[in-house]
Amino acid sequence: MDTGKSNSDWSNAEIHAAVDAYLNMLSREQSGQKVNKAHENRVLREGALAGRTKGSVEFRMQNISTVLVELGRDRIEGYKPAKNVGANVERSIREALNTQSTLTPEDFVPTADEATLERRAAKLEKQPLKGEPKGIAKPEQTQTTGKSYLRDPEVRAWVRKQAKGICEGCRQPAPFEKDGSPFLEVHHVKHLAQEGSDRPSNTVALCPNCHRRCHHSSDREEFTASLYKQVGRLRPE
Ligand SMILES: [Zn+2]
Ligand SMILES: [Zn+2]
């Protein structure tokens, strides 16, 4: 049955592999990383899509763009939506997109535990960027950890993601990567201990240098004031 050439007979597994690769590229692009599409195409044809042509993989990526646009979701700029998506292909793509975004309600639950918070935020960050989260107006301290506050993983994910890998303090690219993503820390401009909120309007994504500067430098007050000036969404509390 499978000729290995035609576009009409892709297996579900192949469509899933294409969708996985597509969403991965989209997420990296949205967090400000450069994506080499020709390279990704080749990697797919050396693995899950062996036997497919470069053009056929490219066309499938454009099909995925078509479906994402229909769903009102973001797409990769470089893959223009293709006009003719077969009904079967479209169904497979939709199904693959659904299984992909398997966020569970737990992923959104605020936590005071740093490792859990980071794990949830990192998972949310892999999803396409959504609207600004509300966050928590008055974060509570937990009894178990004493000093830690309940924080919203979606706030951390959103703030870091919209920074696109550029520090909001010095406007320089993050100095290094962690797990393939630019390393930026999310800082509460009015500190949580001073009853600052855990909302996008009180949080910035900073490189480790600028973050230390906010907490420890002798010009920390001036530096904090400059953040309010240069980051439009910040609101003094
Ligand atoms: Zn910086
Ligand atoms: Zn901080």
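**Notebook: two zinc sites, helix 1 and the cores**

I began with the zinc ion (ligand 2), which is coordinated by His187 through ND1, His211 through NE2 and His215 through NE2, at 2.0 to 2.1 Å. I note that this is a predicted model. I then looked up the donor spacing in sequence, and it reads H-x23-H-x3-H. His187 sits in strand 3 (residues 185–188) and His211 in helix 7 (residues 208–216), so this pair ties together parts 24 residues apart in sequence.

Next I asked whether His187 is buried or exposed. His187 has 3% relative accessibility, so I log it as buried. For His211 the relative accessible area is 16%. The cut-off for buried is under 20%, so His211 counts as buried.

**The other zinc**

I moved to the zinc ion (ligand 1). Which residues are its protein donors? I found Cys167, Cys170, Cys207 and Cys210, each through SG, lying 2.2 to 2.4 Å from the ion. I checked the angles among the four donor atoms: they run from 106 to 114 degrees, and the site is tetrahedral. For reference, the ideal angle for four tetrahedral donors is 109.5 degrees.

The donor residues of ligand 1 are spaced C-x2-C-x36-C-x2-C in sequence. I located Cys170 in the loop between helix 6 (153–162) and strand 1 (177–178). Cys207 is in the loop between strand 4 (203–206) and helix 7, so the pair ties together parts that are 37 residues apart in sequence.

I looked up accessibility for this pair too. Cys170 is at 31% relative accessibility and so counts as partly exposed. Cys207, with a relative accessible area of 6%, is buried.

**Helix 1**

I turned to helix 1, residues 12–30, and tested its length. With 19 residues at 1.5 Å a residue, it should span 27 Å. The end C-alpha atoms are 27 Å apart, which agrees.

Which residues of helix 1 are buried? My list is Glu14, Ile15, Ala17, Ala18, Val19, Ala21, Tyr22, Leu23, Met25, Leu26, Ser27 and Gln30. Just after the helix, I noted that Gly32 takes a positive phi of about 90 degrees.

I singled out Val19, which is found in helix 1. Its relative accessible area is 1%, so Val19 is buried. I also looked for a partner far along the chain. The C-alpha atoms of Val19 and Ala96 are separated by 6.5 Å, though the two residues are 77 apart in sequence.

**Cores**

I looked up the largest nonpolar core, which has 24 residues. Val19, Tyr22, Met61, Ile64, Ile93 and Leu97 touch the most other members. Helix 1, helix 3 (54–70) and helix 4 (87–100) each supply at least two residues of this core. Which helix gives the most? Helix 1 does, with eight residues. In soluble globular proteins, nonpolar side chains tend to be buried together.

I then found a second, separate core of 19 residues. Among its members are Val155, Cys207, Phe223 and Leu234. I had already met Cys207 as a donor of the zinc ion (ligand 1).

**Glu118**

My last entry is Glu118, found in helix 5 (residues 114–125). What does Glu118 touch, leaving aside residues up to four places away in sequence? I recorded Arg156, Arg160 and Lys178. The side chains of Glu118 and Arg156 are joined by a polar contact of 2.6 Å.

Technical notes. Residues numbered from 1 in each chain as written. Chains lettered and ligands numbered in written order. Predicted model: local features only at pLDDT ≥ 70, side-chain atom pairs only at ≥ 80, totals over all residues. Heavy atoms only, no water. Helix = DSSP H or I, 4+ residues; strand = E, 2+ residues; numbered from the N terminus. Expected span 1.5 Å × (residues − 1). Buried < 20%, exposed > 50% of the residue type's maximum accessible area, 1.4 Å probe, protein only. Donors = N, O, S within 2.8 Å, 3.2 Å for Na, K, Ca; no water. Tetrahedral: all angles 85-135°; square planar, octahedral: opposite > 155°, others 65-115°. Polar contact = N/O pair within 3.5 Å; in protein donor to acceptor, adjacent residues only side chain to side chain. Contact = heavy atoms within 4.5 Å. Core = buried A, V, L, I, M, F, W, Y, C linked by side-chain atoms within 4.5 Å.
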